[in-house]
Amino acid sequence: IIAPAWVDTSMGQSNPLVNGSNTLTVSLSTNIALTLSSKVTLSGLLNSTTPSTAELPVTHLSGVPVFGSTADWNDNGTLILNVSNVPSTLANVSIVFSFVLSNALEPQSSSPVLVSAALEFAEFPVPIASASLSFPHEALWEVANGTDPLLCVQPVFVSFGLNQTSHVATKDNNLTLRLVTNVDLVPGSVVTVSGLTGAHFDASTVILVTVPGGNSGDQLFAANGAGLGTASAI
């Protein structure tokens with residue numbers, strides 16, 4: 001006789017920014033096979049802005065696809081998965097799946113997430129006691145512990161500055177922009193500089209150039225990180 005228990009319980013996330021769409025990836029395994037119609041519950045997923053739904057999409061990533069394609073999400077931070085497929089062997093085999101939640105609107109630390117289960121054996125449900133999921137505790141986009149579930153920060157400019165080479169009317173003027181953020185600028189990010197009142201641009205596309213002694217920041221805005229960085233003049 002053995003007591004049902006969790007063997008592998010781990011979880012990470014893809015996005016540590018407030019109000020961001022966040023893919024949460026979970027790996028689970030037990031020391032016995034899950035039974036058909038059993039329910040696995042994740043709790044402690046606090047302050048997500050995703051509204052409650054009985055059909056939150058679930059994506060199978062690896063291992064045995066025992067859960068259905070959707071799960072029951074409650075905005076109190078609880079996700080319930082139903083076991084809809086049971087192979088002949090499942091004990092000690094990790095099941096890896098993911099689902100997407102929206103992060104909190106305000107910065108927050110990651111809270112403990114628990115997993116529990118109720119196994120169906122005829123008319124006698126057998127519980128698997130709750131266990132804490134382990135987190136990666138790794139930096140993501142320069143956010144400390146940014147891989148920990150539902151930890152999120154508000155992206156801000158830590159410092160910024162703008163210098164020019166000429167104050168004479170109608171003369172060419174090279175503007176040097178210095179930006180420091182508290183998170184990485186990931187591909188797809190848009191940086192807008194406004195207030196350049198009265199400036200005249202020769203073309204709608206502005207070529208960015210490397211500043212001597214700088215850190216090649218212009219390459220952040222180049223296609224595939226190579227070639228000429230560009231900006232749009234509006």
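Student: Where does Phe97 sit in this predicted model?

Tutor: Phe97 lies in strand β8, which covers residues 95-102. Keep in mind that the model is predicted.

Student: Why is Phe97 called buried?

Tutor: Its relative accessibility is 1%, and buried means under 20%. The value for Phe97 falls under that cut-off, so Phe97 counts as buried.

Student: What surrounds Phe97?

Tutor: Leaving aside residues up to four places away in sequence, Phe97 touches Leu24, Thr25, Val26, Leu28, Val58, Thr59, His60, Leu61, Phe67 and Leu81. Take Leu61: 36 residues separate it from Phe97 in sequence, and the C-alpha atoms are 5.0 Å apart in space.

Student: What makes β8 a mostly covered strand?

Tutor: Of the 8 residues in β8, 6 are buried.

Student: How do you know that β2 and β5 pair with β8?

Tutor: Two strands pair if there are at least two bridges between them. Strand β2 (residues 21-30) is joined to β8 by 8 bridges, and strand β5 (residues 59-62) by 3 bridges. Both numbers satisfy the cut-off, so each of these strands pairs with β8. The β2 pairing is antiparallel, and so is the β5 pairing. On the β2 side, Leu28 stands opposite Ile95; on the β5 side, Ser62 stands opposite Val96.

Student: Which residues touch the most other members of the largest nonpolar core?

Tutor: They are Met11, Leu34, Val40, Leu45, Leu79, Phe97 and Phe99, in a core of 33 residues. At least two core residues come from each of β1, β2, β3 (39-43), β6 (70-74), β7 (78-82), β8 and β9 (114-121). Strand β8 gives the largest share, 4 residues. As for Val40, its contacts include Leu34 and Leu79, along with Trp6, Leu28 and Phe67.

Student: Gln13 has a polar side chain, so to speak. Why is Gln13 counted as buried or exposed?

Tutor: Gln13 has a relative accessibility of 7%. That is under 20%, so Gln13 counts as buried. Its place is in strand β1 (residues 6-13).

Student: What makes the pairing of the Gln13 and Asn22 side chains a polar contact?

Tutor: The distance is 2.5 Å, and the cut-off is within 3.5 Å for a pair of N or O atoms, one able to donate a hydrogen and the other to accept it. The side chain of Gln13 also has a polar atom 2.7 Å from the backbone oxygen of Gly146. Both Asn22 and Gly146 are among the residues that Gln13 touches, as are Leu140 and Asp148.

Student: Why is Leu46 called partly exposed?

Tutor: Its relative accessible area is 35%. Partly exposed lies between the 20% and 50% cut-offs, so the term fits Leu46. Leu46 is in the loop between β3 and β4 (53-57), and its contacts beyond four places in sequence are Asn76, Gln108, Ser111 and Leu150. Leu36 is 10 residues away along the chain, with 29 Å between the two C-alpha atoms.

Student: What makes β4 and β10 edge strands?

Tutor: The open sheet has 6 strands, in the order β4-β6-β7-β3-β9-β10, with antiparallel pairing. β4 and β10 (124-132) each have a single partner strand, so one side of each has no neighbour in the sheet. On average, neighbouring strands in this sheet are turned by 25° against each other, direction ignored. For β10, 7 bridges run to β9, and Phe124 in β10 is the bridge partner of Phe121.

Conventions. Residues are numbered from 1 along each chain as its sequence is written. This is a predicted model: local features need pLDDT of at least 70, side-chain atom pairs count only at pLDDT 80 or more; totals for chains, interfaces and linings use all residues. Side-chain values use heavy atoms; hydrogens and water are left out. Buried means under 20% relative accessible area, exposed over 50%, partly exposed in between (1.4 Å probe, protein chains only). Contact means heavy atoms within 4.5 Å. A nonpolar core is a set of buried Ala, Val, Leu, Ile, Met, Phe, Trp, Tyr and Cys residues joined through side-chain atoms within 4.5 Å. Axes are lines fitted to C-alpha atoms, for helices over the stretch in contact, and angles run from 0 to 180 degrees between N-to-C directions.
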